[in-house]
Amino acid sequence: MISTTVLDLFRHCEGLLEGHFQLSSGLHSGGYLQCARVLQHPEHAATLGAALAQQVAPLEPTVVLSPALGGVVIGHEVARALGVRALFAERRDGGLTLRRGFEITPGERVLIVEDVVTTGGSTRETIDVATAAGGAVVGAAAIIDRGAEPVAFDVPFEALARVPLPTYDSAACPMCAAGGSATKPGSRTA
Ligand code: ZN
């Protein structure tokens, strides 16, 4: 699956928004990728999951771990295509924790799967959860890497598409400077 096909799918589902947004990282941007618009269609989620699975298959993961909520659907679809388990970590008491009932066996080959990566903070946090649980993280993957710079992790990283959308600290945001105020399309409760 090539980048332009992924973006066409986002445009088709109205998942590529333009405006003035505050991302979950706190940074401002003129563009926002709303994965929910695409992933609400199970057939699109399955298509993206299968494509990402094909890309990460050489890493030979035996389990997928995603951060809730954004990573759950795509993580599930990647795991289905790979024929492995799909786990997620949830935010509890301020930290990211493996969901009760899920286990990672010592040394198990874990692949971290997210929807969109901007700064990589959430992926790094999820890598830490897997490592703390005894897993061996073999890689990370996302549908889209939207960082201005290609994101770097200590493990191999794969994305279906790279869509660099500039981000700004609110103090340096040209749209704020022009008198606008940012909205939060990506808030986890929206
Ligand atoms: Zn702004």
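Which residues does H44 touch, not counting residues up to four places away in sequence? The list is L9, H12, C13 and V38. H44 itself lies in helix 3, and at 17% relative accessibility it counts as buried, because the cut-off for buried is under 20%. Please keep in mind throughout that this is a predicted model.

Let me stay with helix 3 for a moment. This helix covers residues 42-56. Another residue in helix 3 is Q54. Buried or exposed, what is Q54? At 62% relative accessibility, Q54 is exposed. So one helix holds both a buried residue, H44, and an exposed one, Q54. Q54 and V78 are 24 residues apart in the sequence, and their C-alpha atoms are 8.8 Å apart in space.

V78 brings me to the core. The largest nonpolar core has 31 residues. Those that touch the most other members are V6, F10, L48, I74, V78, I143 and I144. Several elements supply at least two residues each: helix 1 (3-12), helix 2 (35-39), helix 3, helix 4 (72-82), strand 6 (109-117), strand 7 (136-145) and strand 8 (157-162). Which helix gives the most to this core? That is helix 3, with six residues. There is also a second, separate core of 21 residues, and I104, I127, V137 and A140 are among them.

Now the sheets. One open sheet has six strands, in the order 5-4-3-6-7-8, and its pairing is mixed. At its edges stand strand 5 (95-98) and strand 8. Each of these two has a single partner strand, so one side of each is left without a neighbour in the sheet. From one strand to the next, the twist averages 25 degrees. As a general reminder, strands of a sheet pair through backbone hydrogen bonds, either parallel or antiparallel.

Let me go through some of the pairs. Strand 3, residues 63-67, runs parallel to strand 4, residues 85-92, and five bridges connect them. In that pair, S66 stands opposite F88 of strand 4. Strand 6 and strand 7 are also paired in the parallel sense, over eight bridges. There, E114 has A142 in strand 7 as its bridge partner. How many residues of strand 7 are buried? The count is nine of 10, so strand 7 is mostly covered. Helix 3 comes back here too: it lies across strand 6, strand 7 and strand 8, at about 135 degrees to strand 8.

Strand 4 and strand 5 are where the antiparallel sense comes in, with four bridges joining them. A89 has L98 in strand 5 as its bridge partner. These two strands make a hairpin with two residues between them, and in this hairpin D93 takes a positive phi near 50 degrees. Along strand 5 the side chains alternate. L96 and L98 point to one face and are buried, while G95 and T97 point to the other face and are not buried.

There is another open sheet, made of three strands in the order 1-2-9, with antiparallel pairing. Which strands stand at its edges? They are strand 1 (16-22) and strand 9 (167-168); each has a single partner strand, so one side of each lacks a neighbour in the sheet. Strand 2, residues 28-33, and strand 9 are joined by two bridges. S29 stands opposite T167 in strand 9.

Last, the metal. Which atoms coordinate the zinc ion? They are NE2 of H20, ND1 of H28, SG of C173 and SG of C176, at 2.0 to 2.4 Å. Along the chain the donors follow the spacing H-x7-H-x144-C-x2-C. The site is tetrahedral, with angles of 93 to 122 degrees among its four donor atoms. For comparison, the ideal angle for four tetrahedral donors is 109.5 degrees. As for the two cysteines, C173 is buried, with a relative accessible area of 2%, whereas C176 is partly exposed, at 25%.

To recap, I covered a core to which helix 3 gives the most, a mixed sheet of six strands, an antiparallel sheet of three strands, and a tetrahedral zinc site.

Conventions: Residues are numbered from 1 along each chain as its sequence is written. This is a predicted model: local features need pLDDT of at least 70, side-chain atom pairs count only at pLDDT 80 or more; totals for chains, interfaces and linings use all residues. Side-chain values use heavy atoms; hydrogens and water are left out. A nonpolar core is a set of buried Ala, Val, Leu, Ile, Met, Phe, Trp, Tyr and Cys residues joined through side-chain atoms within 4.5 Å. Buried means under 20% relative accessible area, exposed over 50%, partly exposed in between (1.4 Å probe, protein chains only). Two strands pair if DSSP finds at least two bridges between them. Axes are lines fitted to C-alpha atoms, for helices over the stretch in contact, and angles run from 0 to 180 degrees between N-to-C directions. Contact means heavy atoms within 4.5 Å. Donors are N, O and S atoms within 2.8 Å of the metal (3.2 Å for Na, K and Ca); water is not among the atoms, so sites may look incomplete. Four donors count as tetrahedral if all angles lie between 85 and 135 degrees; four count as square planar and six as octahedral if opposite donors are over 155 degrees apart and all others between 65 and 115; anything else is irregular.
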